[in-house]
Amino acid sequence: LASVRIANPHTPAQWRAVLRELRERAGTHDQSVYVQVTRGVAPRDHGFPDSPPTVFAFSRPLAGPEPAALARGLRAVLREDFRWQRCDIKSTALQGAVLLRQAALDSGAHEALLVRDGHVTEGAATNVFAVLDGTVVTPPVGPWLLAGVTRALMLELARDVGLPVAERALTAAEVRSAPELWLTSSSKGVLAVTTLDGQPVGDGLPGPVWRRVHDRYRQYLTELRAGRVADT
């Protein structure tokens, strides 16, 4: 909100109340909550309106990936990142990401890994991780990628299981040769990429480092549902 100069319409306590009400109305199953804040109601113009922000939010069931999909892994392709220069802002300006994801689907893949100036930035709707010489590597936070909440969680969980992690630039050549590639998102957790541009990643199956982190992620979700993780 600060990046696009929209006033925050709620205090932290008010936001928690909105999300809690959505959660309670929807039931006790796992849920995905979508929140959108706009500049408000006003005649159409490029200049900022003098109006209070509008808040729109909804909740829907969150099933997560099927076990068979986890066991197979995903197919991905490398595509040139032609989006704007503030990809760190979570906004509704998603046309570039939509076109890139569809390009992946059209080629028979699940996701596009985006390349800018020879470096992989992120997926069309995911964050990217590679295992290089035993280290879990992901591109650093900056204007070329959205700093996903699940991205940060996976770094924390990787450290929990004793894995070295690094946030640094990730070249397309490194991604092509990595023995393991992962994608993370809030709705799907951490998924292994087993095929890149039609070629197997490693032995073509989810790798052992991914399994260690995914097992810890499943444990984390169990703790969260049981109320043993702080509701932050």
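**Figure 1. D197 and R5, two non-glycine residues with a positive phi.** In this predicted model, D197 has a relative accessibility of 37% and therefore counts as partly exposed, since that class lies between the 20% limit for buried and the 50% limit for exposed residues. D197 is found in the loop between strand 10 and strand 11, the latter covering residues 199-200, and its phi is positive, about 50 degrees, although the residue is not a glycine. The second residue in this view, R5, also is not a glycine and has a positive phi of about 60 degrees. R5 is placed in the segment before helix 1, and at 64% relative accessibility, over the 50% limit, R5 counts as exposed.

**Figure 2. Helix 1 and the glycine that follows it.** Helix 1 runs over residues 12-26, and at 1.5 Å a residue its 15 residues should span 21 Å; the C-alpha atoms at its two ends are 21 Å apart, so the expected span and the modelled distance agree. Just after helix 1 comes G27, whose phi is positive at about 120 degrees.

**Figure 3. Helix 6, its buried residues and the elements that cover them.** The 18 residues of helix 6, numbered 208-225, should span 26 Å at 1.5 Å a residue, which agrees with the 26 Å between its end C-alpha atoms. The residues of helix 6 that are buried are V209, W210, V213, H214, R216, Y217, Y220 and E223. The cover over these buried residues includes helix 2 (67-72) and helix 4 (149-160), together with strand 6 (127-132), strand 7 (135-138), strand 9 (180-185) and strand 10 (189-196). Just after helix 6, G227 takes a positive phi of about 80 degrees.

**Figure 4. The aromatic cluster of Y34, F56 and F58.** A search of the whole structure finds 4 aromatic pairs. In one of them, the ring centres of Y34 and F58 are 5.3 Å apart and the ring planes meet at 25 degrees, under the 30 degrees limit, so this pair is stacked. The pair links distant parts of the chain, with Y34 in strand 1 (residues 31-38) and F58 in strand 2 (residues 54-61), 24 residues apart. F58 also forms an aromatic pair with F56, and this one is tilted, with 5.8 Å from centre to centre and 55 degrees between the planes. Ring pairs thus link Y34, F56 and F58 into a cluster. Each member of the cluster is partly exposed: Y34 has a relative accessible area of 34%, F58 has one of 32%, and F56 has one of 44%.

**Figure 5. A charge over a ring, R39 and F48.** The charged end of R39 sits over the ring of F48, at 3.9 Å from the centre of that ring.

**Figure 6. The largest cavity and its lining.** Rolling a probe the size of a water molecule over the atoms shows where empty space is left. A search of the whole structure finds 1 cavity of 30 Å³ or more, and the largest cavity has a volume of about 40 Å³. Its lining consists of P179, E180, L181, A192, V193, V201, L205, P206 and G207. The elements that give two or more residues to this lining are strand 9 and strand 10, both of which also appear among the elements covering the buried residues of helix 6.

**Figure 7. The second largest pocket.** The second largest pocket has a volume of about 170 Å³. This pocket is lined by 14 residues, and of these H119, V120, T121, P139 and W144 lie nearest its centre. Strand 5, which covers residues 119-123, gives the most to the lining, with 3 residues.

**Figure 8. S91 and its distance from T184.** S91 lies in the loop between strand 3 (74-80) and helix 3 (95-106). With a relative accessible area of 26%, which falls between the limits of 20% and 50%, S91 is partly exposed. From S91 to T184 the separation is 93 residues in sequence and 19 Å in space, C-alpha to C-alpha.

How values were computed: Residues numbered from 1 in each chain as written. Predicted model: local features only at pLDDT ≥ 70, side-chain atom pairs only at ≥ 80, totals over all residues. Heavy atoms only, no water. Helix = DSSP H or I, 4+ residues; strand = E, 2+ residues; numbered from the N terminus. Expected span 1.5 Å × (residues − 1). Buried < 20%, exposed > 50% of the residue type's maximum accessible area, 1.4 Å probe, protein only. Contact = heavy atoms within 4.5 Å. Phe/Tyr/Trp six-rings, centres within 6.5 Å; stacked < 30°, edge-to-face > 60°. Lys NZ or Arg CZ within 6 Å of the ring centre and 35° of its normal. 1 Å grid on protein atoms, 1.4 Å probe; cavity = no way out; pocket = protein on both sides within 12 Å on 5 of 7 lines; lining within 4 Å. Points joined across faces, edges and corners; volume = space filled by probe spheres on them.
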